[in-house]
Amino acid sequence: MIVFTCLIIIISIIRPYLESVTVKRIASEGKKIRYYKEQFFFYVLILLFYIAVMVYHAVPISMLGLQGVYLDTIHRTAPYPAWIEYLLLLIFAGFIILSIMLQWMKDHGETVFVEQEMPTSIEATVPKTEREQKWWLAYSGISSFVESTVYFPSFYLYSHYVLAIQNTWVLAILIGIGYFLSQLAFQRDRLSFQTLLVGIGLGALFIMTKSVVIMVLYYGFSFLIYDIYQQDRNLVKSTDDR
């Protein structure tokens, strides 16, 4: 229990706190690349620690969400009323469709995020040079992999088996809070409440499907949208420079 608790504390408190401190100090290309490198290795350490904790507690691989998503799984577990489950699946499908539509619009020369602004804490991490882009890809790749395959199973296993919470609604909320804390949302920017809702929704989907596939898809399409945002912002910047 102690090592599992340490993992949760690192994920939801220590790493995001250190990240928030580093983000505030980004003022040059060198510091931004240092931020990418530090976070890259931090996520690698979390992944290794997670594997060690799962091996130490002899957690079966079947409980880690490393399987596909099947409607039969949702019907068999039925943690929520059917209309809630299908509503969540519909919302998630809508998110994927919207992401594809945004990419289609971008491919046809339209700008989507011209008037949009990211919170300062996130905007500071956007790569602007080719050197920054390379390390950003490494950092974003490992962070999306770890957060989707490590965070959600960890929050679920800890809440359900260590804290012995059986109520699926409470479990979804606890997973959402864990996800909320693991992000920069505690800085109280305008995405804070949205991050909490996304975390609760993803938590419920994980409880329904017993799979991290949903999380992997979410992060994959989130970075697709993020890339479109970067392209639009760079386009606006290049136009302003003229």
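Here a trainee and a mentor talk through some labels given to residues and ring pairs in a predicted model.

Trainee: Let's start with Ser20. Why is Ser20 called buried?

Mentor: Its relative accessibility is 5%, and buried means under 20%, so Ser20 gets that label. As for where you'll find Ser20, look in helix H1, residues 2-24.

Trainee: What makes the Tyr17 and Ser20 pair a polar contact?

Mentor: A polar atom of the Ser20 side chain sits 2.6 Å from the backbone oxygen of Tyr17. The cut-off is 3.5 Å, so that distance falls within it.

Trainee: Ile9 is also in helix H1. Why is Ile9 called partly exposed?

Mentor: Ile9 comes in at 34% relative accessibility. Partly exposed covers the range between the 20% and 50% cut-offs, so Ile9 belongs there.

Trainee: And which nonpolar surface patch does Ile9 belong to?

Mentor: One made by Ile9, Ile13, Ile14, Tyr17 and Leu18, with about 450 Å² of accessible area together. Patch residues need over 30% relative accessible area, and Ile9 has 34%.

Trainee: On to the rings. How many aromatic pairs turn up in the whole structure?

Mentor: The search gives 18. One of them is Tyr80 with Trp169, an edge-to-face pair.

Trainee: What makes Tyr80 and Trp169 edge-to-face?

Mentor: Their centres are 4.9 Å apart, with 75° between the planes. Pairing needs centres within 6.5 Å, and edge-to-face needs planes over 60 degrees apart, so both conditions are met. This pair also links distant parts of the chain, 89 residues apart: Tyr80 is in the loop between helix H3 (71-77) and helix H4 (82-107), and Trp169 is in helix H7 (residues 168-182).

Trainee: Why is Tyr80 called buried, and why is Trp169 called partly exposed?

Mentor: Tyr80 has a relative accessible area of 6%, under the 20% limit for buried. Trp169 has 45%, which lies between 20% and 50%.

Trainee: Then how do you know that Trp136 and Tyr226 are stacked?

Mentor: The ring centres are 5.4 Å apart and the planes are at 25°. Stacked means under 30 degrees, so the label follows. Here too the pair links distant parts of the chain: Trp136 sits in helix H6 (residues 130-162) and Tyr226 in helix H9 (residues 213-241), 90 residues apart.

Trainee: Why do Trp136 and Tyr226 count as buried?

Mentor: Trp136 is at 5% relative accessibility and Tyr226 has a relative accessible area of 11%. Buried means under 20%, so the label fits Trp136 and Tyr226.

Note on methods. Residues numbered from 1 in each chain as written. Predicted model: local features only at pLDDT ≥ 70, side-chain atom pairs only at ≥ 80, totals over all residues. Heavy atoms only, no water. Helix = DSSP H or I, 4+ residues; strand = E, 2+ residues; numbered from the N terminus. Buried < 20%, exposed > 50% of the residue type's maximum accessible area, 1.4 Å probe, protein only. Polar contact = N/O pair within 3.5 Å; in protein donor to acceptor, adjacent residues only side chain to side chain. Patch = residues over 30% accessible without salt bridge, like charges linked within 9 Å, V, L, I, M, F, W, Y side chains within 5 Å. Areas by Shrake-Rupley, 256 points an atom, 1.4 Å probe, with all protein chains shown as cover. Salt bridge = Lys/Arg side-chain N within 4 Å of Asp/Glu carboxyl O. Phe/Tyr/Trp six-rings, centres within 6.5 Å; stacked < 30°, edge-to-face > 60°.
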